[in-house]
Amino acid sequence: MTVKPITTLLFDFDGTLGDTNELIISTFQHVLNDHFPGRFQREEILPFIGPSLHDTFSSIAPEMTDQLIDEYRVWNLANHDELVSAFDGVEGTLRRLYEMGMKMAVVSTKKRDMVERGLRLIGIDSYFETVIGLDDVTNAKPDPEPLILALERLDRTPEEALMIGDNFHDILGGQNAGVRTAAVAWALKGEDYLQTFKPDFMLHHMSDLYDVLKGERP
């Protein structure tokens, strides 16, 4: 069976393109310390990076889920621009991929307006044809729905797509959607953790995508 060349790249944003780790951790610390003083240290917060806010807060305090989400979003927005930056090599690599004619989209588990804000902040918004946020779908990653929606908007098939992300839900979401997957070794949870989900590729720098597209191992 012939493997189709990759023509389409689906990126997670947080922890993959944009370094939002400290923003996310600080936001959780602010909200949780208000309601549960001393209960959640930094290491307990790390698993909350990636899943949707609803999944996280409903697992902590189901009766307060909506309130905690609202408080999270208010503090996160107020501190967003100060604490978000691009990972090394992201802008230059995306620019070259765009010039090569790659179809690209962002598929995130947070609301689209905040994803778009982050893309504009680090100067990479013009490289993406579409952005899929939490409010665009019924089911977030690792459900395949957001990836399939992105592919529909790009008029591409799963067989020619690659999902790039920093967390388990990106890799599993890609596998569930029938696309190839690449994990990023700069993920806060680490390369060894991501390898347990068996991504097709492991990127140590965003420019490793060039080798992937040439059919080589980065």
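Val212 touches Ile6, Leu162, Phe201, Leu203 and Pro218, leaving aside residues up to four places away in sequence. This is a predicted model, so here is a friendly tour of Val212 and of strand S7, which comes within view through Ala182: the two residues are 30 residues apart in sequence and 9.1 Å apart in space, C-alpha to C-alpha.

**Val212 and its helix**
- Val212 belongs to helix H10, which covers residues 209-213.
- With a relative accessibility of 4%, Val212 counts as buried, because buried means under 20%.

**Strand S7 and its two faces**
- Strand S7 spans residues 180-184, and 5 of its 5 residues are buried, so the rest of the structure largely encloses this strand.
- In a regular strand, side chains alternate between the two faces of the sheet.
- On one side of S7 sit Arg180, Ala182 and Val184, and on the other Thr181 and Ala183; all are buried, so both faces are covered.

**Pairing with S6**
- Strand S6 (residues 161-165) runs parallel to S7, and the pair is joined over 4 bridges.
- Within this pairing, Ile164 stands opposite Ala182 of S7.
- Between the two strands the chain passes through helix H8 (residues 168-177), giving a right-handed β-α-β crossover from S6 to S7.

**Pairing with S8**
- S7 also pairs in the parallel sense with strand S8 (residues 201-203), over 3 bridges.
- Here Val184 stands opposite Leu203 in S8, and Leu203 is also one of the residues that Val212 touches.

Conventions:
Residues numbered from 1 in each chain as written. Predicted model: local features only at pLDDT ≥ 70, side-chain atom pairs only at ≥ 80, totals over all residues. Heavy atoms only, no water. Buried < 20%, exposed > 50% of the residue type's maximum accessible area, 1.4 Å probe, protein only. Contact = heavy atoms within 4.5 Å. Pairing = 2+ DSSP bridges. Right-handed = clockwise from strand over helix to strand, strands pointing away.
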